[in-house]
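Subject: Structure for you to look at

Hi there,

I am handing over the structure I promised, together with some notes on what turned up in it. Have a look at it first, and then read on.

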Amino acid sequence: MRTGNWQNRLLSAGLIALGMASQSALVVAGGMTKEEKWADRATDPPGTRQVYKYGKLWPPQPRPTGREQSWKHKYHHAHYWPYPYNDMDRQIVRDTLAQQTAGGWVLATTLHDYHFNAETNELNSAGRSHLYWIMTSVPAQFRTVFVAHGLSPEVDDVRVATVDKSAREFGDQVPPVVMRHSFPSGRPADEADTIRRLELQSWPAQRIFTISPDTAGTGSSSGSSGGVGMSN
């Protein structure tokens, strides 16, 4: 009976020691557990490290610095390369395109100074047409009316009020109206139309070259203008 008790006590002490050892094995230097240690090492970048020796950087091209990867993480990168880095690159491209698309829609849905009457700051015909296009043709996720700031807060208030009033005339679903600092990247339609008309007026009169029937089949190569004439 005593022997059994001694064996039980010894077994209990062994189990307690084993449990304490297993608990201590989970803790590494710095008071971190193994899981915390591997989570911290998981952020180490792959590849060789750049070091400074003999007055030079080795290798010369930009490389990560600091501690080397563990051999387990080196195997992980070699086994699964180029994942996840190619997915990260694709996401960066998608995010950049989405940002550029959103910026393009902001510019396209902005009412600039030339969309308003210079004296009353009411929407002119071009402004009303552009507002109607925004409310009917722009995708729902980009359907916000941006109004360029005027020279004073009073001008801004008048512009917002006239845009809201015109939008309610076009439909019940009034999009948000947001003020923003913006300068037109192009030129007003009236100015573009004036430049185009002046360009057309500056063209010289058309001149059509004709060939006389008498000399059409001679095949002369003397260089004389012979039967060639011009008519305005």
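Below is what I found, going from the overall layout to individual side chains.

Please keep in mind that this is a predicted model. The protein chain has 7 helices and 7 strands, and along the sequence these follow the pattern α-α-β-β-α-α-β-α-β-α-β-α-β-β. Of the 232 residues in the protein chain, 16% are buried. If you take the contacts between residues at least 6 apart in sequence, 53% of them join residues at least 24 apart.

**The sheet**

A good place to start is the open sheet of 3 strands, which has the order β3-β4-β5 and parallel pairing. Its edges are β3 and β5; each has a single partner strand, so one side of each is left without a neighbour in the sheet.

On one side of β4, the pairing with β3 (residues 110-111) is parallel and takes 2 bridges. Leu 111 has Val 147 as its bridge partner in β4. To get from β3 to β4 the chain passes through α5, and this β-α-β crossover is right-handed. The pairing of β4 with β5 (residues 177-180) is also parallel, with 4 bridges joining the two strands. Here Ala 148 has Arg 180 as its bridge partner in β5. A right-handed β-α-β unit is made by β4, α6 and β5.

Which way do the side chains of β4 point? Val 145 and Val 147 point one way, Phe 146 and Ala 148 point the other way, and all of them are buried. That is the pattern to look for, because side chains in a regular strand alternate between the two faces of the sheet.

Just before this strand comes Thr 144, in the loop between α5 (125-137) and β4 (145-148). Thr 144 has a relative accessibility of 19%, so it counts as buried. Not counting residues up to four places away in sequence, Thr 144 touches Thr 109, Pro 176 and Val 178.

**The nonpolar core**

Val 145 and Val 147 turn up again in the largest nonpolar core, which has 11 residues. The other members are Leu 111, Phe 116, Leu 123, Leu 131, Ile 134, Met 135, Val 138, Val 163 and Ala 167. Two or more residues come from each of α5, β4 and α6 (153-170), and α5 gives the most, with 3 residues. As background, nonpolar side chains in soluble globular proteins tend to be buried together.

Phe 116 is worth a closer look. Leaving aside neighbours within four places in sequence, Phe 116 is in contact with Leu 111, Asn 121, Glu 122, Leu 123, Asn 124, Val 147, Arg 159, Thr 162 and Val 163. Of these contacts, Arg 159 has its charged end over the ring of Phe 116, 4.7 Å from the ring centre. There is another such arrangement at Trp 38, where the charged end of Lys 37 sits over the ring, 4.0 Å from its centre.

**Aromatic pairs**

The structure holds 4 aromatic pairs, and I will describe two of them here. The ring centres of Trp 81 and Tyr 85 are 5.3 Å apart, and with their planes at 45° the pair is tilted. Trp 81 counts as exposed, at 52% relative accessibility, whereas Tyr 85 is partly exposed, with a relative accessible area of 24%.

For Trp 105 and Trp 133, the ring centres are 6.4 Å apart and the planes are at 20°, so this pair is stacked. The pair links distant parts of the chain, with Trp 105 in helix α4 (residues 85-108) and Trp 133 in helix α5, 28 residues apart. Are these two rings buried, partly exposed or exposed? Trp 105 is partly exposed, with a relative accessible area of 23%, and Trp 133 counts as partly exposed at 31% relative accessibility. Together with Phe 142, Trp 105 and Trp 133 form one aromatic cluster.

Happy to go through any of this with you whenever it suits.

Best wishes

Conventions
Residues are numbered from 1 along each chain as its sequence is written. This is a predicted model: local features need pLDDT of at least 70, side-chain atom pairs count only at pLDDT 80 or more; totals for chains, interfaces and linings use all residues. Side-chain values use heavy atoms; hydrogens and water are left out. Buried means under 20% relative accessible area, exposed over 50%, partly exposed in between (1.4 Å probe, protein chains only). Contact means heavy atoms within 4.5 Å. A nonpolar core is a set of buried Ala, Val, Leu, Ile, Met, Phe, Trp, Tyr and Cys residues joined through side-chain atoms within 4.5 Å. Two strands pair if DSSP finds at least two bridges between them. A crossover is right-handed if, with the strands pointing away from the viewer, the path from the first strand over the helix to the second runs clockwise. Rings of Phe, Tyr and Trp (its six-membered ring) pair if their centres lie within 6.5 Å; planes under 30 degrees apart count as stacked, over 60 as edge-to-face and the rest as tilted. A charge sits over a ring if NZ of Lys or CZ of Arg is within 6 Å of the ring centre and within 35 degrees of the ring normal.
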